[in-house]
Amino acid sequence: MHTIKLKAVIDERQQLHLQLPADTPMGEAEVTVVVAADSTAANAAAVNPQPMASLREFFAALDARPLSQPRSLDDIEAQIAEERASWD
């Protein structure tokens, strides 16, 4: 097994981008991510500043959000058909 140690930054979408050295062999690899202990709490607070205690609280928060304009069945079916057509 060949080990490569790199420093990287995890972005706001929790994505990690790496540029491996040119001599890195192609094929399957195992990746281990070690996150600094002091940044874990700060990142969690930034992503979810007020964590919800339960699913019940989550659904209550959803119910409290204003509804968007209601959509007709024809509008929904047209959007689905447009999305399916884009798959080809």
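Here are some short exercises, each with a worked solution, on the predicted model shown above.

**Exercise 1. Describe the elements of the protein and their order.**

Solution. Start by counting: the protein has three helices and zero strands. Next, read from the N terminus, and the order is α-α-α. The helix H1 covers residues 37–47, while helix H3 takes in residues 73–86.

**Exercise 2. Which element has the lowest mean pLDDT, and which the highest?**

Solution. Begin with the whole protein, where pLDDT averages 80 and 82% of the residues score at least 70. Then go element by element: H1 comes out lowest with a mean of 59, and H3 comes out highest with a mean of 92. A word of care applies here: where pLDDT is low, predicted coordinates should not be read in detail.

**Exercise 3. What percentage of the residues is buried, and how much accessible surface does the protein have?**

Solution. Of the 88 residues in the protein, 0% are buried, with buried taken as under 20% relative accessible area. Now turn to the surface, which comes to about 9000 Å². Carbon and sulfur atoms account for 57% of that surface.

**Exercise 4. Find the residues that make the nonpolar surface patch, and place Ile4 and Ile10 in the chain.**

Solution. First, list the members: Ile4, Leu6, Ile10, Leu16, Leu18, Leu20, Val31, Val33 and Val35 make a patch of about 710 Å². Second, locate two of them: Ile4 is in the segment before H1, and Ile10 lies in the segment before H1 as well. Third, check their exposure. Ile4 has a relative accessible area of 33%, so it counts as partly exposed. Ile10 is at 40%, and therefore it is partly exposed too.

**Exercise 5. Which residues does Ile4 contact, leaving aside neighbours within four places in sequence?**

Solution. With those neighbours set aside, Ile4 touches Pro21 and Thr24. Now look at Thr24 in particular: it sits 20 residues from Ile4 in sequence, and the C-alpha to C-alpha distance is 8.6 Å.

**Exercise 6. What is the phi of Gln14, and where does this residue lie?**

Solution. Go to the segment before H1, where Gln14 has its place. Then read its backbone angle: phi is positive, about 55°, although Gln14 is not a glycine.

**Exercise 7. Which backbone oxygen does the side chain of Ser86 reach?**

Solution. Begin in helix H3, where Ser86 lies. Follow its side chain to the backbone oxygen of Glu83, at 2.6 Å. Finally, consider exposure: Ser86 counts as partly exposed because its relative accessibility is 48%, and partly exposed runs between the 20% and 50% cut-offs.

How values were computed: Residues numbered from 1 in each chain as written. Heavy atoms only, no water. Patch = residues over 30% accessible without salt bridge, like charges linked within 9 Å, V, L, I, M, F, W, Y side chains within 5 Å. Areas by Shrake-Rupley, 256 points an atom, 1.4 Å probe, with all protein chains shown as cover. Salt bridge = Lys/Arg side-chain N within 4 Å of Asp/Glu carboxyl O. Helix = DSSP H or I, 4+ residues; strand = E, 2+ residues; numbered from the N terminus. Buried < 20%, exposed > 50% of the residue type's maximum accessible area, 1.4 Å probe, protein only. pLDDT = per-residue confidence, 0-100. Polar contact = N/O pair within 3.5 Å; in protein donor to acceptor, adjacent residues only side chain to side chain. Contact = heavy atoms within 4.5 Å.
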